[in-house]
Amino acid sequence: MKRKITLKQIAKELDVSISTVSKALRNSIEISEDTRQKVQAFAKLYNYRPNNIALSLKNRKTKTIGIIIPEIVHHFFSKVITGIELVANKRGYNVIVGLSNESFDKEVINMQMLANGSIDGFILSIAKETLQQQDYHHFIETINQGMPIVMFDRVVKEIPCDKVIVDDVDGAKKAVEKLIENGCKNIAIITTKDYVSVGKLRTQGYLEALDDHKIHPKSSLILKIEDKLLSDDHLDELEKDIEQLFKSNKQIDGIFAVNELYAVTAIKVARKLGLKIPESLQVVSFTDGVLSKHSTPSLTTMSQHGQNIGEKAADLLINRLELEETDEEEEETYETIVIETELIERESTK
């Protein structure tokens, strides 16, 4: 009998990426005909089953939830995990945490590994590389096998599942309106590339706040940061990009940053350039984490209530798992819970 084979193994044998294998098996025109035939022939030889990602079905409950997060050191994700564990443990479930490190391949591998009889369902936030590639086959396959998913923070509309999000647009508007109310006239935004949904939505909120106050947005005041600059190895480059923003726009008197790392880096650069905070420059960011509380000066932020997000996500998933146990034949309906943001005022604003 031929051994069972995974997407990862096919990719390794043929020296291609997991994404290429996935697309080739679905006859994607993005993949060359030669590669498609090679992948499909190899998969047929080893009797590959595309839907074997989720083997823990209704009659094999583990009372364990799988959590997939993009990074472990981020304060927001640690608070979400705290909320999930609190509810899960109270309701008799354990949790296993997997880390994607913002990688599509690692996200797929983690889901394959955990879904292979280890867990009953997933709570996850999508990796940036997955959002960039827009390849969601692993989510669809998992759901099709009867294993529910709850997405939080970074979600996509295409996936039929429960979701827990914050109102990123409204939160960003509140942040920018705080700067406008405090007298800022030239407000810059430090944000992500548009394929990261939360950064795109927060940029939308920034633009809407300016429009509401009849302030014309300037492209020179919108700095979109490359993903790699979030890693420790590239913080010097992040500082250089932000320094160039200040030097090219001497009139900046307000900064809205879509995360606290961008914000504290902006404060560091501004102080190096001789700007006084909050007297000549005011700063507001998203994510009320450790950096926000302990930066100098301390940072005014929009709190996302990460623990609350985790609690809601765990309740949604466990409710769905326990509803399945009753075998009620009802049409699937999915819920999106929106968590309100809250402005936490500190020393970086007047």
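Strand S8 (residues 254–257) and strand S9 (residues 282–286) run parallel to each other and share four bridges, with Phe256 sitting opposite Val284 of S9. Two strands pair here if DSSP finds at least two bridges between them, while helices (H or I, at least four residues) and strands (E, at least two) are DSSP runs numbered from the N terminus. This is a predicted model, in which local features need pLDDT of at least 70, side-chain atom pairs count only at pLDDT 80 or more, and totals for chains, interfaces and linings use all residues. Residues are numbered from 1 along each chain as its sequence is written, and side-chain values use heavy atoms, with hydrogens and water left out.

**Strands covered on both faces**

Back to S9: five of its five residues are buried, where buried means under 20% relative accessible area, exposed over 50% and partly exposed in between (1.4 Å probe, protein chains only). In a regular strand the side chains alternate between the two faces of the sheet. For S9, that puts Gln282, Val284 and Phe286 on one side and Val283 and Ser285 on the other, and both sides are covered.

Strand S3 (residues 121–124) gives a similar picture: Gly121 and Ile123 point one way, Phe122 and Leu124 the other, and all are buried. S3 pairs in the parallel sense with strand S1 (residues 64–69) over four bridges, and Ile123 is the bridge partner of Ile67 there. S3 also runs parallel to strand S4 (residues 149–152), with three bridges between them; in that pairing, Phe122 stands opposite Ile149.

**A pocket between two domains**

Now for some empty space. The second largest pocket has a volume of about 570 Å³. Of its 21 lining residues, Val155, Val156, Lys157, Ser197 and Leu201 are the closest to the centre. The search ran on a 1 Å grid over the protein atoms alone: a pocket is an open set of points with protein on both sides within 12 Å along at least five of seven lines, whereas a cavity is a set where a 1.4 Å probe fits but cannot get out, and lining residues have an atom within 4 Å of a point. Points are joined across faces, edges and corners, and the volume is the space filled by probe spheres set on them.

Where does the second largest pocket lie? Domain 2 (60–166 + 307–339) and domain 3 (168–303) both contribute to its lining, so the pocket lies between them. Those bounds come from an automatic or database domain assignment. Strand S5 (162–166), helix H8 (168–181) and helix H9 (197–212) each supply at least two lining residues, and H9 gives the most, with four. By class, the lining has 10 nonpolar, three polar and eight charged residues; Ala, Val, Leu, Ile, Met, Phe, Trp, Tyr, Cys and Pro count as nonpolar, Asp, Glu, Lys and Arg as charged, and the others, Gly among them, as polar.

**Two helices that help line the pocket**

H8 has 14 residues and reaches 20 Å from its first C-alpha to its last, close to the 20 Å expected, the expected span being 1.5 Å times one less than the number of residues. Because 10 of its 14 residues are buried, H8 is largely enclosed by the rest of the structure. The buried set includes charged residues Asp168, Lys173 and Lys178, along with Val169, Leu179 and Ile180.

H9 has 16 residues and reaches 22 Å, close to the 22 Å expected. Among its buried residues are Ser197, Arg202, Thr203, Tyr206 and Leu210.

**Backbone oddities**

Several spots have a positive phi:

| Residue | Phi | Place |
|---|---|---|
| Asn101 | near 55° | loop between S2 (94–99) and H5 (104–115) |
| Glu102 | near 65° | loop between S2 and H5 |
| Gly183 | about 95° | just after H8 |
| Lys214 | near 55° | follows H9 |

Are Asn101 and Glu102 buried or exposed? Asn101 counts as partly exposed at 43% relative accessibility, whereas Glu102 is buried, with a relative accessible area of 18%.

There are cis peptide bonds to look at too. The bond from Ile277 to Pro278 is cis, with omega near 10°, and Pro278 is in the loop between helix H11 (260–272) and S9. Another cis bond joins Thr296 and Pro297, with omega about -5°; Pro297 lies in the loop between helix H12 (290–294) and strand S10 (300–303).
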